[in-house]
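Visitor: Could you walk me through how the parts of this model touch one another? I would like to hear the reasoning behind each term.

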Amino acid sequence: MSGDEKMKLKQISVFLENRKGRLWKAINILSGAGVNIRALSIADTSEFGILRMIVPDPDVAQKILEENNFVVKVNEVIAVEVLDEPGGLDDLLSVFNKADINVEYLYAFVEKKSDKAIVVIRTEDVDAGINALEEGEITILRANEVNIL
Amino acid sequence: MIWNEKAECMSAQEKEELQLKRLQDVVKRAYENVPYYRQRLDEAGLTPEDIQSLKDIEKLPFTTKSDLRDAYPFGMFAVSTDDIVEVHTTSGTTGKPTVSGYTPKDIEIWGEVVARALSMAGATKKDIVQNCYGYGLFTGGLGVHHGGQKVGCTVIPISAGNTQRQIEIIQDFKSTIITCTPSYAMYIAEVLEREGIPKEDIKLKAGVFGAEMWTEEMRNEIERRLGVDALNIYGLTEIIGPGVANECMEKNGLHIFDDHFYPEIVDPQTLETLPEGEKGELVLTTLTREGMPVLRFRTRDITALRKGECDCGRTHVKMDRITGRSDDMLKIRGVIVFPSQIERALLKIPGMEPNYQIIASRPEHLDELEVQIENSPALFSDEVKHVEEVKKSIEKHIHDEIGLRVNVTLVEPLSLPRSEGKAVRVIDKRELS
């Protein structure tokens with residue numbers, strides 16, 4: 001496992017019951033604590049949802065959410081910058097395809113100050129994902145880079 | 001038809017005389033032959049001679065399920081095992097089961113009361129009874145078996161399960177009466193429909209359904225879909241098994257065979273005897289059992305009694321459909337489930353905090369059990385796949401413990417109601433009144 005720890009980005013996941021007002025409550029708590037959400041996605045099933053976020057200080061966000069009785073998990077994902085143009089994501093995914101790496105989920109956001117988009121990726125094996133990207137010569141963003149974008 | 005007109009249609013006065021005579025006799029037998037009852041009566045300063053009227057039964061102590069359990073296995077028997085020819089037990093899911101022992105005369109009585117029940121469904125020696133109650137230690141199978149043979153029916157001891165086989169036998173043997181749980185009857189109806197077998201092609205005319213709570217709506221549904229008269233049978237292993245009470249074709253209450261089983265209704269909190277017609281916990285005393293007489297057994301079943309002659313001609317007192325239980329025990333598809341079993345299953349899962357609530361419902365005539373569990377960091381993950389695996393694994397643990405499939409829902413921490421003292425673990429949404 002050569003995955004460089006600095007290559008990994010911390011993501012915070014929050015369990016949400018499929019009930020009115022729960023998403024708002026989680027976001028409201030973060031807003032009250034002055035947490036700036038850099039990226040966000042929601043996985044929804046018929047019974048529950050998982051709110052996944054990239055925030056500047058995941059430990060602080062975790063603490064404040066847990067104090068408000070949310071179930072929270074912090075885990076690692078990979079952030080990659082791609083060109084905000086046709087084929088940008090295709091190039092990235094073809095690297096994983098060649099390396100036979102399973103992507104659990106990903107979400108993307110467009111960076112307004114440049115012509116780039118940021119893709120947050122969760123591969124089944126994060127280290128293997130990093131290795132594949134490095135071999136495919138794709139630049140992985142570090143935590144501080146994501147947060148200053 | 002009426003199986004035993006003399007017993008089933010006797011006048012109120014005649015019955016009370018018979019009941020008193022039998023009550024005095026059973027109290028005497030229990031006192032003399034069962035150390036447990038001797039001790040309980042001695043403690044209460046009572047002797048069998050204190051029973052001078054039926055009302056005097058109220059002086060007697062109650063017998064609870066745990067009293068019977070403490071006597072496991074044969075402590076409540078009033079005769080030597082030499083004279084016991086058959087035993088049955090409860091399922092024993094909450095610990096030791098309770099054992100019921102029968103002398104030849106008890107088997108005779110059991111056959112007699114079940115014969116009365118089956119006759120209410122129109123059974124005669126011409127009938128073919130497909131008995132889908134489980135055979136074995138469970139009283140359902142053999143109880144109906146004894147009664148069916150007493151009537152002279154052709155009894156098919158097919159036992160529970162294997163629905164394909166059941167349907168084959170219904171068609172090939174031309175069964176006329178079916179005995180099973182009401183939810184299983186619904187399931188059989190569904191499978192018949194799925195296989196395109198119209199109800200006109202089968203010969204079933206009546207069903208005697210019990211071992212779980214069910215509703216009037218469910219009766220209508222079973223009658224419509226199977227083309228049968230659906231009657232409610234009631235009984236419990238501690239008293240004898242099925243055949244304590246059964247509905248006649250009037251379908252407005254179950255006749256308790258009160259020349260053998262003496263019913264009372266008490267307030268489950270104060271244990272005061274309630275007047276006729278009031279809803280409370282059913283308490284039963286066996287008037288004729290030899291092997292295991294039971295005095296004032298608290299059934300935990302909630303019902304009300306109604307006296308008087310029924311349009312069918314019988315004078316057996318009637319009880320309303322059971323509408324609930326006085327404790328937490330749940331009967332789901334005929335299987336007894338206690339919250340403690342669910343808790344036991346949950347505690348086997350690492351990182352699980354047993355904050356849960358059980359919700360029983362009946363969306364489509366079949367009992368459903370949902371277990372809501374508060375999620376915790378040990379169970380949670382960023383991946384949907386993982387959370388769903390956790391949910392499935394909890395479902396499996398519970399299934400292994402109670403033998404029923406349940407639907408687990410993960411909820412947010414502290415979202416389940418907390419109460420001081422005993423937590424409200426069970427919400428029964430099944431409409432049974």
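Guide: Gladly! Two residues are in contact if their C-beta atoms, placed from the backbone, lie within 7 Å. Keep in mind that this is a predicted model.

Visitor: Which residues of helix 8 of chain B meet helix 9 of chain B?

Guide: From helix 8 of chain B come B:P182, B:A185, B:M186 and B:A189. Their partners in helix 9 of chain B are B:M218, B:E221, B:I222, B:R225 and B:L226. By class, this contact has seven nonpolar, no polar and two charged residues. Glu and Arg count as charged, so B:E221 and B:R225 are the charged pair here.

Visitor: What describes the packing of helix 8 of chain B and helix 9 of chain B?

Guide: The angle is about 35 degrees and the axes are 10 Å apart. Their crossing is left-handed.

Visitor: Why is helix 7 of chain B called roughly perpendicular to helix 8 of chain B?

Guide: The axes of helix 7 (residues 163-172) and helix 8 (residues 182-194) of chain B cross at roughly 75 degrees and come within 10 Å. Angles of 65 to 115 degrees count as roughly perpendicular, so helix 7 of chain B earns that name against helix 8 of chain B.

Visitor: Which residues meet there?

Guide: B:T163, B:Q166 and B:I167 of helix 7 of chain B meet B:Y187, B:I188, B:V191 and B:L192 of helix 8 of chain B. The classes are five nonpolar, two polar and no charged residues.

Visitor: How many residues does each chain bring to the contact between chain A and chain B?

Guide: Chain A brings 17 residues and chain B brings 16 residues. On the side of chain A that touches chain B, strand 1 of chain A gives the most, with four residues.

Key. Residues are numbered from 1 along each chain as its sequence is written. Chains are lettered from A and ligands numbered from 1 in the order in which they are written. This is a predicted model: local features need pLDDT of at least 70, side-chain atom pairs count only at pLDDT 80 or more; totals for chains, interfaces and linings use all residues. Helices (H or I, at least four residues) and strands (E, at least two) are DSSP runs, numbered from the N terminus. Axes are lines fitted to C-alpha atoms, for helices over the stretch in contact, and angles run from 0 to 180 degrees between N-to-C directions. Angles under 35 degrees count as roughly parallel, over 145 as roughly antiparallel, 65 to 115 as roughly perpendicular and the rest as oblique. A crossing is left-handed if the near helix is turned anticlockwise from the far one by less than a right angle, and right-handed if clockwise.
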